[in-house]
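Grab a pencil and open the viewer. Below is a set of short exercises, and each one comes with a solution worked out step by step.

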Amino acid sequence: MVALKMIELKGVSKKFDGIVALKNIDLKLNSNGVYVIIGPSGAGKTTLLKILALLSKPTEGHIYYNDVEVDDKAISPLRRRFTMVFQNTVLFNTTVYENIAYGLKIRNLLKDEAVKRIRDVMERLGLNGLEKRHVSKLSVGQQQRVSLARALVIEPDILILDEPTANLDPENTAVIEEEVLEFSKTKTVVMSTHNVRQTFRLADRVAFLYGGLLIDQGKTSILDDPVDERVQRFVRGETGYALNHG
Ligand SMILES: Nc1ncnc2c1ncn2[C@@H]1O[C@H](COP(=O)(O)OP(=O)(O)O)[C@@H](O)[C@H]1O
Ligand SMILES: [Mg+2]
């Protein structure tokens with residue numbers, strides 16, 4: 001399949017019963033860099049990430065991959081190229097090593113290549129020595145690093161992370177942020193956060209969501225001196241958790 005050049009959402013809306021979770025979203029992502037979706041709780045961030053990961057279908061609107069509309073037939077081959085790490089990942093009830101190896105086993109990767117990749121990703125995420133540890137014995141930060149390791153080891157084209165460092169301490173946050181930046185040099189990361197400082201540290205592009213509306217998007221400078229009053233209040237920490245972390 002052709003390499004990713006662009007993903008585009010046009011007029012995407014998502015409704016749940018009476019709730020409008022996303023309203024008429026237009027968004028374009030290119031083939032590398034970090035795209036941050038920022039906004040307060042309930043803004044629609046998780047819903048938007050699931051649609052980008054092709055795990056949930058929009059109620060209205062269109063998704064394009066390299067300018068070709070993603071239809072039902074295209075979803076399953078494309079989905080393998082996207083990996084989403086959820087905010088509260090449930091790890092498999094086994095060891096760290098088995099958790100990371102799982103995605104490679106089901107892809108029938110050659111053993112030597114699999115062992116090499118697992119070793120490499122464990123090293124990068126500071127998980128060496130924890131191979132045989134049962135995941136239930138890990139700290140929250142270690143569990144989140146295992147979740148990310150499990151995603152990175154299958155080498156997706158697009159890594160989608162839902163608030164990957166919410167509730168983590170600075171050390172764990174730093175390890176994860178470093179991997180996000182490394183991955184984004186050659187591939188695309190889309191992540192959500194409610195943390196303004198983290199957005200400045202990581203984002204190449206930022207989209208501000210509020211009440212299901214994409215209020216503004218662009219470089220991080222849109223958060224420096226926001227024109228929109230909702231963005232202003234958020235950046236000042238008045239409407240969410242903007243200043244609580246990091
Ligand atoms: N499966 C669902 N069923 C009903 N409502 C949902 C569902 N998922 C999300 N919502 C609603 O959609 C809105 C956006 O939610 P979400 O995308 O989780 O926001 P965020 O991730 O920014 O906190 C919220 O009002 C939420 O309650
Ligand atoms: Mg969410």
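**Exercise 1: The four-stranded sheet**

Four strands, in the order S2-S1-S4-S5, make an open sheet with antiparallel pairing. S2 and strand S5 (68-69) are at the edges with a single partner strand each, so each has one side without a neighbour in the sheet.

Before you dig in, some ground rules: this is a predicted model, where local features need pLDDT of at least 70 and side-chain atom pairs count only at pLDDT 80 or more, while totals for chains, interfaces and linings use all residues. Residues are numbered from 1 along each chain as its sequence is written, and chains are lettered from A and ligands numbered from 1 in the order in which they are written.

Task: How many bridges join strand S4 to S5, and which residue is the bridge partner of tyrosine 65?

Solution.
- Step 1: Know your terms. Strands (E, at least two residues) and helices (H or I, at least four) are DSSP runs numbered from the N terminus, and two strands pair if DSSP finds at least two bridges between them.
- Step 2: Find S4, residues 60-65; two bridges join S4 to S5, and the two run antiparallel.
- Step 3: Look across from tyrosine 65, and you land on its bridge partner in S5, valine 68.

**Exercise 2: The six-stranded sheet**

Task: In what order do the six strands of the open sheet come, and which are the edge strands?

Solution.
- Step 1: The order is S6-S7-S8-S3-S9-S10, with mixed pairing.
- Step 2: At the edges you find strand S6 (82-85) and S10, each pairing on one side only.
- Step 3: From one strand to the next, the twist averages 15° (axes are lines fitted to C-alpha atoms, and angles run from 0 to 180 degrees between N-to-C directions).

**Exercise 3: Strand S9 and its partners**

Task: In which sense does S9 pair with S3, and in which sense with S10?

Solution.
- Step 1: Strand S3 (residues 33-38) pairs with S9 in the parallel sense, over four bridges. Here isoleucine 37 stands opposite alanine 207.
- Step 2: With strand S10 (residues 213-218), S9 pairs in the antiparallel sense over five bridges. Alanine 207 has glutamine 217 as its bridge partner in S10, and tyrosine 210 stands opposite leucine 213.
- Step 3: Check the turn. The hairpin of S9 and S10 has two residues between the strands, and glycine 211 has a positive phi near 55° there.
- Step 4: Check the cover. Five of the six residues of S9 (205-210) are buried, where buried means 20 or more other C-beta atoms within 10 Å of a residue's own, exposed means 12 or fewer, and partly exposed is in between, with C-beta atoms placed from the backbone.

**Exercise 4: Around ligand 1**

Task: Which element gives the most residues to the shell around ligand 1?

Solution.
- Step 1: List the shell: Phe16, Ile19, Ala21, Gly39, Ser41, Gly42, Ala43, Gly44, Lys45, Thr46 and Thr47 (each has its C-beta atom, placed from the backbone, within 6 Å of the ligand).
- Step 2: Strand S2 (19-30) and helix H1 (45-52) are the elements that give two or more residues.
- Step 3: H1 gives the most, with three residues.
- Step 4: Sort by type: four are nonpolar, six polar and one charged. Nonpolar covers Ala, Val, Leu, Ile, Met, Phe, Trp, Tyr, Cys and Pro; charged covers Asp, Glu, Lys and Arg; the others, Gly among them, are polar.
- Step 5: Now look at H1 as a whole. Six of its eight residues are buried, so H1 is largely enclosed by the rest of the structure. The buried ones are Lys45, Thr47, Leu48, Leu49, Ile51 and Leu52.

**Exercise 5: Positive phi**

Task: Is aspartate 17, with a phi near 45°, buried or exposed?

Solution.
- Step 1: Place aspartate 17 in the loop between strand S1 (6-16) and S2.
- Step 2: Count the neighbours: aspartate 17 has 4 C-beta neighbours inside 10 Å, so it counts as exposed.
- Step 3: Compare asparagine 24, which is in strand S2 and has a positive phi near 55°. With 15 other C-beta atoms within 10 Å, asparagine 24 is partly exposed.
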